[in-house]
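Work through the exercises below with the model open. Each task is followed by its solution.

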Amino acid sequence: MTALDLFGHPFSAYTWKVLIPLYENGTAFRFRRLGEDQPENGAALAAHWPLAQFPLLLDDGRPVIESSVIIEHLDHRHPGPLRLIPADADAAIEVRMLDRIFDNHVMNQMQRVVNDALRPPERRDPLEVADAKARLERAYAWLESWMGSREWAAAGAFTLADCAAAPALFYADWVHPIAAEHARLRTYRTRLLARPSIAKCVDDARPYRPLFPLGAPDRD
Ligand SMILES: N[C@@H](CCC(=O)N[C@@H](CS)C(=O)NCC(=O)O)C(=O)O
């Protein structure tokens with residue numbers, strides 16, 4: 001049995017994305033939480049990946065970088081009962097398309113707004129924030145139409161795409177609430193948060209909410 005170490009933080013959206021499939025499949029791993037109280041984890045992360053972004057998976061010492069690729073790796077090398085990438089090539093393309101949409105057009109736009117709030121007040125840029133929120137709004141509208149009668153984001157099953165969607169929609173709704181007119185997208189977000197693997201991520205992150213730079217809302 002190989003040793004899996006996951007570097008990340010319980011409040012980090014991209015860390016959730018990888019924790020979700022690990023929890024879904026009951027995969028054994030060691031969580032290497034990043035924080036000032038555990039500097040050895042940060043040092044090990046930076047040694048494997050100079051950009052020091054997380055999550056990063058070590059599989060028997062071999063680094064796997066980028067959340068989508070980590071999930072592909074887990075699905076390939078450590079498969080569990082829930083397959084995250086469909087075997088059918090067309091279905092897999094749909095899953096990867098939605099994964100990219102949630103990362104690039106929801107998660108990363110949310111992150112632009114958060115990053116702006118982390119800057120000193122004199123370095124903040126209202127145009128940057130307005131652009132990010134406008135892009136989120138367009139992504140929400142597209143997703144509302146895409147979800148239609150779908151239960152999960154792609155390929156008729158819970159997949160990599162939903163692992164990306166859960167943290168993206170969770171935090172994006174905090175920085176730019178999903179309007180009531182996007183009822184299907186709101187229902188999908190609620191459905192995601194009810195899933196035990198995702199509820200665990202939300203619960204484990206609760207103690208860190210005071211860290212949210214915009215002020216966390218008093219709700220999930
Ligand atoms: N494309 C990367 C993004 C990872 C990412 O941005 N992680 C955030 C935490 S959620 C991070 O490392 N932030 C610190 C930094 O960018 O220096 C992935 O999918 O893993």
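**Exercise 1: the loop before β3**

P55 lies in the loop that runs between α2 (39–48) and β3 (56–59); helices (H or I, at least four residues) and strands (E, at least two) are DSSP runs, numbered from the N terminus. The model is predicted: local features need pLDDT of at least 70, side-chain atom pairs count only at pLDDT 80 or more, and totals for chains, interfaces and linings use all residues. Residues are numbered from 1 along each chain as its sequence is written, and side-chain values use heavy atoms, with hydrogens and water left out.

Task: Which peptide bond is cis, and what is its omega?

Solution. The bond joining F54 and P55 is cis, with omega about 10 degrees. In the loop between α2 and β3 there is also A52. A52 is not a glycine, yet its phi is positive, about 55 degrees.

**Exercise 2: the ligand**

Task: Find the polar contacts of the ligand (pairs of N or O atoms within 3.5 Å).

Solution. Start with the residues around the ligand (a heavy atom within 4 Å): S12, A13, Y14, Q53, F54, P55, E66 and S67. Next, take the nitrogen contacts: a backbone N or O atom of F54 lies 2.7 Å from a ligand nitrogen, and a polar side-chain atom of E66 lies 2.7 Å from a nitrogen of the ligand. Then take S67, whose side chain has an N or O atom 2.6 Å from a ligand oxygen.

**Exercise 3: helix α4**

Task: Why does the end-to-end distance of α4 agree with its residue count?

Solution. The helix covers residues 89–118, which is 30 residues. The expected span is 1.5 Å times one less than the number of residues, so α4 should span 44 Å, and its end C-alpha atoms are 41 Å apart, which agrees. At the N-terminal end, D88 caps α4 through a side-chain oxygen 3.2 Å from the backbone nitrogen of D90.

Notes: Polar contact = N/O pair within 3.5 Å; in protein donor to acceptor, adjacent residues only side chain to side chain.
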